[in-house]
Structures are given as C-alpha cells and as structure tokens.
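Got your viewer open? Let's take a walk through this model together, one selection at a time.

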Amino acid sequence: MLEVKNLFYSYNGKDRVLEDINFKTDDSSLVGILGKNGVGKTTLMRCIVSLVKVKEGEIYLDGINLNSLKLKEKSKLIGYVPQNIIFSDATVFDSILIGRRPYFGFEAGKTDLEIVNSIIEDLKLKDLAFKNVNNLSGGERQKVAIARALVKEPKLLYLDEPTSNLDIKNQIEVLGLIRRIAKKRKITVLVNIHDLNLAMHFFDSLIILNDNKIIKTTIPEKLEAEDLSEAFGIEASIVTIDDKRHIILKEGI
C-alpha cells in the first residue's frame, strides 16, 4: 500500500509544483493519475520514485517511510518505466537482467537468473529472449521495459504514459498485462495516462490533478462529467454501453 501525506514540492524553492498532496492506495490496485499537461503529474511521479528529493511531506510504502531509506534500498521497492524507453544494444534477456543490479555486484547469481526467467515466462517473452531488444516492435519493447522493472520484485510499479507511442491493439494489450501483473504479483501500480476511456476501462481508481493539487480521488464507476470539466476544461457525457462507461466529447470541441 502506498500512502502520500502532506506532500509539497517546488523546483526553485518558491513556486510550488505540488501542493498538499494526500492519497492512499489499496493493495494490488491499478491507479491512474489524470490531468492536463503541466498540472504536476510528472513531478508527483519524480517525487515517488526518488528522481527528486522530497523536503516537505512523507511517502510510505507498506508502512516504510521512503524518505528514510538509501537510494539502493528504495530502488528494490520501486519499479519505474519512463515514457521514453532507452535500451543498450543487447538481448532481451540481458536487458531484463540489468533490472536486478540492485541485488548483485559484478555477476548475477542463480536466483537472479531464475527470477529473470520467471518474469520472461510470465510476460510471454520467451520467444524473444535472445533477440536484440532494439529490433523489437514498440509493444514488445514496452513489455521488456515492464519486465526489467519487475525483476526487482518491487512493491510499487510506476509507469509514465506507457501507451503513448502504441497503436490501439498494443495499448489494450499492455494495459491488460499491467492489470494482470498488479493482481498476480500483489503490487500497487501507478500510471500517468492521458486516454480517459482507457483509464475508465482498466483502472481500479483514479487520482485527478489540476493546478498542482488533487481535485478528486474516485473510482471509474463514480467519475462524473463535472470532474472532466473541472480537470480538463472539456464538455463531455459519460454513457454506459454493454455495462461499461464511456466518455464522449460533445460536438464542437
């Protein structure tokens, strides 16, 4: 379980990018972080995964205060997949194995190799294991990036816009994979995402930001059109089709 308490952040010590952020997630849940560009989603992600140092506020993961841990210990607890994925010129297997570096020194041990093989099997990457990762499709590379984060056996997985460069088929496949991972491996997954309908269909809960603050924490079943108007400045309707809720933008937008 992730809990963020009284989090403030500014880059220059004056203009706050995040103001009084408070939320708590459930175990094994998939949580979407929503909001326009520039409202603080990326900064929130950077605070949680320790890419920046938090000076005001506390972040707890399963009751552990992350601010009190050294970076190496934090890296064992949190898996992170950035929006722009970079791989060295290596096989899929070796690209995933590098995610185990917090656990071994010069050379990976038997346990490290077993965990890599387990993740490869779980994510159905076995047929790609010895191909060059840079020769894969966008969807395949995204799965390898997720696998690289998972081999740390984290308690929290944070993904920054994991579907932004994928076609619709791969968007659905990757989000379905992420949801299955959260439930099977009993980890909390946070995702910065722009596509509102994908968020409605795949996520357990939604955290909506605007003007550097959380304006609402809700579940997809209770999201209202007024929430979208406040957060994004759009007029939309939410309709139910085949027992699933869909967001439809009004004409003229």
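Start by selecting Asp 122, which is buried, with a relative accessible area of 7%. (Buried means under 20% relative accessible area, exposed over 50%, and partly exposed in between, with a 1.4 Å probe and protein chains only.) Now add Arg 180, which is partly exposed at 34% relative accessible area. These two form a salt bridge, with the closest N and O atoms 3.3 Å apart. (A salt bridge is a side-chain nitrogen of Lys or Arg within 4 Å of a carboxyl oxygen of Asp or Glu.) The pair links distant parts of the chain: Arg 180 sits in helix H6 (residues 168-184) and Asp 122 in helix H4 (residues 110-122), 58 residues apart. (Helices, H or I with at least four residues, and strands, E with at least two, are DSSP runs numbered from the N terminus.) Add Lys 184 and Arg 185 as well, and you have a network of salt bridges that links them with Asp 122 and Arg 180.

Before going on, a word on what you are looking at. This is a predicted model, in which local features need pLDDT of at least 70 and side-chain atom pairs count only at pLDDT 80 or more, while totals for chains, interfaces and linings use all residues. Residues are numbered from 1 along each chain as its sequence is written, and side-chain values use heavy atoms, with hydrogens and water left out.

**Along helix H6**

Select residues 168-184 and look down the helix axis. Which residues of H6 are buried? They are Asn 170, Gln 171, Val 174, Leu 175, Leu 177, Ile 178, Ile 181 and Ala 182. Seen down the axis, these buried residues fall within an arc of 155°, so they line one face of H6. (The arc is that of the directions from the helix axis to the C-beta atoms.) On the other side of H6, Ile 168, Lys 169 and Lys 184 are exposed.

Show the surroundings next: the buried residues of H6 pack against strand S3 (30-34), helix H5 (138-150), strand S7 (156-160), strand S8 (188-192) and helix H7 (196-202). Just past H6 comes Lys 186, which has a positive phi, near 55°.

**Into the core**

Now select Ile 96, Leu 123, Ile 146, Leu 157, Val 189 and Phe 203: in the largest nonpolar core, which has 56 residues, these touch the most other members. (A nonpolar core is a set of buried Ala, Val, Leu, Ile, Met, Phe, Trp, Tyr and Cys residues joined through side-chain atoms within 4.5 Å.) Zoom in on Val 189. Which residues is Val 189 in contact with, leaving aside its neighbours within four places in sequence? They are Ser 29, Leu 30, Val 31, Leu 157, Leu 159, Ile 178 and Ala 182. (Contact means heavy atoms within 4.5 Å.) Apart from this core lies another, of 27 residues, among them Leu 2, Leu 7, Ile 48 and Ile 207.

**Two stops on strand S10**

Back to charged pairs: the model has 14 salt bridges in total. One of them joins Lys 213 and Glu 19, with the closest N and O atoms 3.8 Å apart. Lys 213 lies in strand S10 (residues 213-218) and Glu 19 in strand S2 (residues 16-24), so this pair ties together parts that are 194 residues apart in sequence. Lys 213 is partly exposed, at 37%, and Glu 19 is partly exposed too, at 28%.

Move along S10 to Lys 216, which forms a salt bridge with Asp 227, the closest N and O atoms being 3.0 Å apart. Lys 216 lies in S10 and Asp 227 in helix H8 (residues 225-232), so here the linked parts are eleven residues apart in sequence. Is each partner buried or partly exposed? Lys 216 counts as partly exposed, at 27% relative accessibility, whereas Asp 227 counts as buried, at 9%.

**Strands and a hairpin**

Select strand S11 (residues 236-241) and strand S12 (residues 244-249), which pair in the antiparallel sense over six bridges. (Two strands pair if DSSP finds at least two bridges between them.) Ala 236 stands opposite Leu 249 in S12. Their hairpin has two residues between the strands, and Asp 242 there takes a positive phi near 50°.

For a last stop, find the open sheet of four strands in the order S2-S1-S4-S5, with antiparallel pairing. Its edge strands are S2 and strand S5 (64-65), each pairing on one side only.
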